[in-house]
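Me: I'm new to this one and would like to learn how to read it. Could you walk me through it step by step?

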Amino acid sequence: MISTVAAALGADNLRTGFEDTIHLPDRTVAATNAQLVEALVKAVRSVGREIASVEEARSMLNLDA
């Protein structure tokens, strides 16, 4: 999965969803967007990275209101 490589190389943001792919890493078709997100989170964590919290993401996007 290219997202795994990107996370390992230090990418600060990744995206996934049906607009990007319909396949899970095992090449089965995802039933929901949530399955794609879960697979991405697992991939990111597999290379020792962590997903931003809601608060961290809001701050990064300057959405602190």
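**Pockets and folds, step by step**

Reply: Let's start with a lining: in the second largest pocket, the lining residues split into seven nonpolar, four polar and three charged. Here Ala, Val, Leu, Ile, Met, Phe, Trp, Tyr, Cys and Pro count as nonpolar, Asp, Glu, Lys and Arg as charged, and the others, Gly among them, as polar. Keep in mind that this is a predicted model, where local features need pLDDT of at least 70, side-chain atom pairs count only at pLDDT 80 or more, and totals for chains, interfaces and linings use all residues. Residues are numbered from 1 along each chain as its sequence is written, and side-chain values use heavy atoms, with hydrogens and water left out.

Me: What counts as a pocket, and which residues lie closest to the centre of the second largest one?

Reply: Rolling a probe the size of a water molecule over the atoms shows where empty space is left. On a 1 Å grid over the protein atoms alone, a pocket is an open set of points where a 1.4 Å probe fits, with protein on both sides within 12 Å along at least five of seven lines; lining residues have an atom within 4 Å of a point. The second largest pocket has 14 lining residues, and Met-1, Ile-2, Ser-3, Thr-16 and Thr-21 are the closest to its centre.

Me: How much space lies in that second largest pocket?

Reply: About 270 Å³. A volume is the space filled by probe spheres set on the grid points, which are joined across faces, edges and corners.

Me: What is the volume of the largest pocket, and how many residues line it?

Reply: Its volume is about 490 Å³. The largest pocket has 17 lining residues, with Asp-12, Asn-13, Leu-14, Ile-51 and Ala-52 nearest its centre. Two elements give two or more residues to this lining, helix 2 (33–46) and helix 3 (54–60). Helix 2 gives the most, with four residues. By type, the lining holds 12 nonpolar, two polar and three charged residues.

Me: How many helices and strands does the chain have?

Reply: Helices (H or I, at least four residues) and strands (E, at least two) are DSSP runs, numbered from the N terminus. This chain has three helices and zero strands.

Me: Is Val-54 buried or exposed?

Reply: Buried means under 20% relative accessible area, exposed over 50%, and partly exposed in between (1.4 Å probe, protein chains only). Val-54, found in helix 3, has a relative accessible area of 59%, so Val-54 is exposed. Across the chain, buried residues make up 17% of the 65 residues.
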